[in-house]
Amino acid sequence: MTVELERTDTIWLDESADVAEVDEVVEPVVERPIVDDPEPPASDPDVPFRPSALGPSDRLEFVLSAVSALAFAWALCLVMDWSAPLTFAIWAIIWFVTGTYVTARARTSKVVAMDRLVTTLIWLSGAFAVGVLGWMIVFVLIEGIGGLVDDLPTSEWVARLGAVTLMVAVAVVVRWRLGRREAAGTGTALTRLLPRVVGAACAVGAMLVILPVVNTEFFTSDIAEVGPLDEGGGIYHALIGTLEQISIATVISVPIAILTAIYLHEIKGRLAVPVRFIVDAMSGLPSIVAGLIVFTVWVNTGRGFSGASAGVALAIIMIPIVTRTAEEILRTIDNGLRESALALGAPQWRSVVQVVLPTARAGLITASILGVARAIGETAPVLLTAFGSAVTNYNPFSAPQSDLPLFIWGLLREPNEAQIARAWSAAVVLLLLVLVLFITARVIGERGARKRTGR
Amino acid sequence: MPDAPAPDGAVLEDVPRPIVQSRTFGDRVFRGISAGAAATCLLIMFTTGVFLTWKAFPAISATGPIDFLTGDTWQPDDEAFGVGGLLVNTIMIAITALVIGVPVALGLALFINEYSPAKMRPLLTGGVDLLAAIPSLIFGMWGLFALSEPLSGVAEWLASHLNAIPIFRLTEPDVALTRSTFIAGFVVAIMITPVITSVSRDVMAQVPRVQCEGALGLGGSRWGMIRDVVLPFGKSGIVGSILLGFGRALGETIAVVLVIDLVFQPNLNILEQGSGSISALIATKFGEAQGLEINGLIAAGLALFIMTLIVNLIARAIVNRSKLAG
């Protein structure tokens, strides 16, 4: 980035130099404002030039502060006889932040030192957020993975994990290398095909490595007849419930949400202002209140708990999410498309159905998947509407039904190691589901965006 | 713009010719259907308000509205429902969450916008969105099993070093420091961070880059640029995003239920065991509630609904206005 900008800078200077030269030699009378005339450097406006903020001595100061912070915190903990790692971390961070400020202050000015201090703090908050996300995901995986796979000796664990990691690494590297060639414009049919083939092969390979050791009982049985201390039992009933409830929620919410988004952005009718207001209000609705509404209106009026009412509660949560994302997507569609459809004599509905929606398809799918990802983990609303159950209930329209969050919630309240281990395993399944949905939504959305802008 | 036609035809304003739209039958059906969908949203919120008020009425009238909002007893047998203490505790959890979460969230937003390498930016925004998508149940479990221990250590540290501040004081020397407002606030802080980060990042990304470059070109440090250009520009958007986070924190249920012990008395010593929130009350008592207690829970839900509605609408109004300005 730096190199490119330097190059454009020189061109810019050269041009102005040229102009001056030409003026002098050929036509001294030409009134040509030297400063205004040359074109500004044609650099990418999105990538501003940043001189390197840190020199070698700055880096040295950072390293020294970090080392002295660790030493100080260690000494302090030793002297005061503190053992909690977090106490150590707090003191180390305090010392580190102060240290960076003081050293910079001593060597340079107040302004620079302040800048250094803020830079440190902002990097720390970035590191904190990334660290927390990573810590949580790893913690959940470690706690829960044991119940999902058969008991294996450590060596086999290492071998299988190593194999999967290797395959993922191969797929990623192939994709990345060939993607770079593609981007550079030297791609061939092979470079386009190869990443897909390798990716598919690696996925199949990873499946072959993982599937044989998966604890199938956990996915194919419920916990109706499993005592708290027994082995076995699983999440089959919860998976059925999640599937049915989410399907119902999606069928209800996605059409409503997309039509509302169309109303807000394409039609802009009289209700647009109050509806946007209400959608904003809905998106901040506490999830438990969504459950409470359905409970009050439907469940508590003699109709009883059911999976379908949970679906409705989840739909109330999904509608604002999908509406807002869908509206953002509609906003990205070029007005020229709409106007050309109208100019060709199409009525508005045809312009929306045949031009706007197909263009927005990928984005709308992304919006829906993000809504599902959000709804699938909600516990409070389904607690008030589906209530939860230990038996497999295939009928979502009557009797309590379980789902993944309710399964976890129910087991967490039992003071029993085996049950809590089951809850952790179910949490891993839930987390993986959310991750898969989220990544799918991203990939589809990114492809759609590339298509929309690429044409 | 003068409406009267100019005399002697000197200057005619560019007035667009009014377009008379004739809508086909299909258009009218299409508009009707979408308007119906949009009206469904209105209907849902309207039903919520009406039904919750209607069903909450018996419990509120049994207790009396003043006692309901200020009391701190929950005795279904005596028909006494007071959520005053819970309201205080709810707000204490939300404020704790803001105090911890806002610096991190704003730091993260600035980090993504101004400090991180451009190539990492999509990855980081994706990470923030992912953090928002992770179920609150999983946050709660993590808070309960992974955070309780270390955070009670932090609580001990705060209680012994910063007890000049009243809220960090302990009523008794050896009171339990787990399952407190502090730990609930910490977990909720992590949950509201992505909300605050993504909204404030959006707003701060709209600051005119020319002004930023100008500030840097005048010799300002990066912090100087942020302080004098980015933050003033994004001020109202940041305030709005914080309020949005506050609204989210008020309504958070499952993560709070898992990490606290529900008490009805207001507990201002945030490090001590015992806290509560309205949503935690509903989730905890819901299972065995019968008769009037159900109405009591609905009344509590109504209080939560109104509180979050007000906070959210103010927040949205502020954010939308700042986005329009940008």
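Which residues is Asn267(B) in contact with, leaving aside its neighbours within four places in sequence? I shall answer that question first and then turn to chain A, to the interface, and to several loop residues of chain B. Please keep in mind throughout that this is a predicted model.

The contacts of Asn267(B), with neighbours within four places in sequence set aside, are Asn89(B), Met92(B), Thr181(B), Glu272(B), Gln273(B) and Gly274(B). Asn267(B) itself sits in a loop of chain B, between helix H9 (254–259) and helix H10 (278–285). Its relative accessible area is 11%, and because the limit for a buried residue is under 20%, Asn267(B) counts as buried. One of the residues just listed also takes part in a polar approach: the side chain of Asn267(B) reaches the backbone oxygen of Gln273(B) at 3.5 Å.

Let me now move to chain A. It has 16 helices and zero strands. Of its 455 residues, 43% count as buried. Among the contacts in chain A with a separation of 6 or more, 70% are made by residues 24 or more positions apart.

Two helices of chain A deserve a closer look. H2(A) has 25 residues, and the distance from its first C-alpha to its last is 36 Å, close to the 36 Å expected at 1.5 Å a residue. The buried residues of this helix are Asp58(A), Glu61(A), Phe62(A), Ser65(A), Ala69(A), Ala73(A), Leu76(A) and Cys77(A). They pack against H3 and H4 of chain A. After H2(A) comes Asp81(A), with a positive phi near 65°.

The next helix to consider is H3 of chain A, residues 85–107. Its 23 residues should span 33 Å at 1.5 Å a residue, and its end C-alpha atoms are indeed 33 Å apart, so expectation and model agree. Buried in H3(A) are Thr87(A), Trp91(A), Ala92(A), Phe96(A), Val97(A), Gly99(A), Thr100(A) and Ala104(A). As general background, an α-helix has 3.6 residues a turn, so residues three or four places apart point the same way. What covers the buried residues of H3(A)? The cover includes helix H2 (56–80) and H4 of chain A, together with helix H5 (136–161) of chain B.

That brings us to the interface. Here 88 residues of chain A are in contact with 81 residues of chain B. The area buried between the two chains is about 7700 Å², and carbon and sulfur atoms give 80% of this area.

How many salt bridges are counted between chain A and chain B? The count is one. It is formed by Asp129(B) and Arg442(A), whose closest N and O atoms are 2.5 Å apart. In addition, nine residue pairs are found in polar contact across the interface, with both residues at pLDDT 80 or more. On the side of chain A that touches chain B, helix H4 (residues 110–148) of chain A gives the most, with 18 residues. The residues of that side divide into 67 nonpolar, 14 polar and seven charged.

Two loop residues of chain B have contacts that reach into chain A. Ile134(B) is placed between helix H4 (121–133) and H5 of chain B. Is it buried or exposed? At 4% relative accessibility, Ile134(B) counts as buried. Beyond its neighbours within four places in sequence, Ile134(B) is in contact with Leu133(A), Met136(A), Leu431(A) and Phe139(B). Ile134(B) and Met191(B) are separated by 57 residues in sequence, and their C-alpha atoms are 8.8 Å apart.

Thr253(B) is found in the loop between helix H8 (222–251) and H9 of chain B. With a relative accessible area of 2%, Thr253(B) is buried. A polar atom of its side chain lies 3.2 Å from the backbone oxygen of Gly251(B). Leaving aside neighbours within four places in sequence, Thr253(B) is in contact with Ser287(A), Ile288(A), Ala380(A), Ser279(B) and Ala283(B).

I shall end with two backbone details in chain B. Glu79(B) has a positive phi near 55° and is a residue other than glycine. It lies in the loop between strand S1 (74–75) and strand S2 (80–81), and is partly exposed at 40% relative accessible area. Arg179(B), likewise not a glycine, has a positive phi of about 50°. Arg179(B) lies in the loop between H5 and helix H6 (181–205) of chain B, and its 24% relative accessibility makes it partly exposed.

Key: Residues are numbered from 1 along each chain as its sequence is written. Chains are lettered from A and ligands numbered from 1 in the order in which they are written. Side-chain values use heavy atoms; hydrogens and water are left out. Helices (H or I, at least four residues) and strands (E, at least two) are DSSP runs, numbered from the N terminus. Buried means under 20% relative accessible area, exposed over 50%, partly exposed in between (1.4 Å probe, protein chains only). A polar contact is a pair of N or O atoms within 3.5 Å; within protein, one must be able to donate a hydrogen and the other to accept it, and residues adjacent in sequence count only if both atoms are side-chain atoms. Contact means heavy atoms within 4.5 Å. Buried area is the accessible area (1.4 Å probe) that two parts lose on being put together, summed over both. A salt bridge is a side-chain nitrogen of Lys or Arg within 4 Å of a carboxyl oxygen of Asp or Glu. Ala, Val, Leu, Ile, Met, Phe, Trp, Tyr, Cys and Pro count as nonpolar, Asp, Glu, Lys and Arg as charged, and the others, Gly among them, as polar. The expected span of a helix is 1.5 Å times one less than its number of residues.
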